[in-house]
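Dear colleague,

I am passing on the structure below, and my notes on it follow. Please read them with the model open beside you.

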Amino acid sequence: MDYEAVIEAQLDSMDLSELEDIMGDAAAGGGIFEGMTVDQVINNLINGEALFDSERIMDNLINLFLMEVKGSVFLGCEILAICIVTGLLSNFSNTFGSKTVSSLGTMICGVVITALCISNFYQTYQYCQDTINTMTASMEILLPVMIPLLISMGGISSGSIMSPAMAGAVTGFNFIMEHVILPLVFLSAVFVMINSITEKDYVKKLSGFLRKGAIFLTGLIITVFTGITALQGVVTKSADGILINTARFSIDNFVPIVGGFAADSLDMVISCIGLIKNAVGLIGILIIISLLAVPVIKLLSIAVIYKVIAIAAEPVATRNISDSLSEIGSAAVTMTVVLATGAFMFLIFITILMGMGGGGTWTS
């Protein structure tokens, strides 16, 4: 029995159209899997061939970063221009003594800066929500592919328990991220910009508390979800090992004449299915990383622009405005951390599934 024929037959019996669709999304975002199918990726893995051109991908990511920075420069110029007007109004009030008019003009400029920053950060917030939803949808496509392969390898206990556990964890994490964690980060940015209008730090500490709370909550739910999943995987892996080894022993000893051949064939089929499962898992890992790369670049470019604007605005604007612009940059970094941590949880789930199945080794 040829292992390539076994792999080809297994792939023909599987519906991989949705997986190839998200491979297309990964190709559009990060440049990997461009023009490739699942069959081609698995064959490349078997033959030790490269899956993508790393130099071209790096060039694409660098160009994307420069493009995002260029797109944010216009917003930075607008904010700096308003900050200069604010500084001029403050100087006029000191020179001509019309402090009331100057204070009103300074507050109007602060309101305009706040509106610009909140509008821009709201777009960033929506983009992060879309990214989380896309990664969750990718996991919801990967799990129905990998878990049946796990069951086909003899991981009946693992598949029956891990399927609802991981599906519930992925859905629950997406809900908490979309409705709790990301809104907390966005609210922290709104509070810190509102604080820039006034001369006192009314809600600055509240803003910092919300941001730290979002990071803590992200780490907590990831620890809980991955911990429960990993423990279930350890328990079920032992049961599956007993089951598959018993099946091998029974075939080898109780099937007359061809028992040894049948047991060896079973080992080869299980190994081929395991190869497909791990290849699909590797595809999933690369897809998650690719889907994460573009948002991280966007968020980091936005954070860099706000940090630079805060430094440039410090000599001409009020202290609250320059500090608030710097805090907006920090909020963008926080969203980057939250997204990266969420992707890390998905990667842990995939690697747990890749490490399960087969029931260990057995020799007759």
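By the rule applied here, in which a disulfide is a pair of cysteine sulfur atoms within 2.5 Å, the count comes to 0 disulfides. Two of the cysteines are nevertheless buried (under 20% relative accessible area, where exposed is over 50% and partly exposed lies in between, with a 1.4 Å probe and protein chains only): Cys117 has a relative accessibility of 0%, and Cys128 has a relative accessible area of 0%.

This is a predicted model, in which local features need pLDDT of at least 70 and side-chain atom pairs count only at pLDDT 80 or more, while totals for chains, interfaces and linings use all residues. Residues are numbered from 1 along each chain as its sequence is written, and side-chain values use heavy atoms, with hydrogens and water left out.

The protein chain averages a pLDDT (the predictor's confidence in each residue, from 0 to 100) of 74, and 71% of the residues score at least 70. Over residues 359-364 pLDDT stays under 50, and the model has 12 contacts (heavy atoms within 4.5 Å) for them beyond four places in sequence.

Phe225 lies in helix α7, residues 204-254 (helices are DSSP runs of H or I, at least four residues, numbered from the N terminus). Beyond its neighbours within four places in sequence, Phe225 contacts Ala169, Gly172, Phe173, Met345 and Phe349; its C-alpha atom is separated by 6.0 Å from that of Ala169, although the two residues are 56 apart along the chain.

Val333, in helix α9, is partly exposed, at 35% relative accessibility.

Best regards

Technical notes: Helix = DSSP H or I, 4+ residues; strand = E, 2+ residues; numbered from the N terminus.
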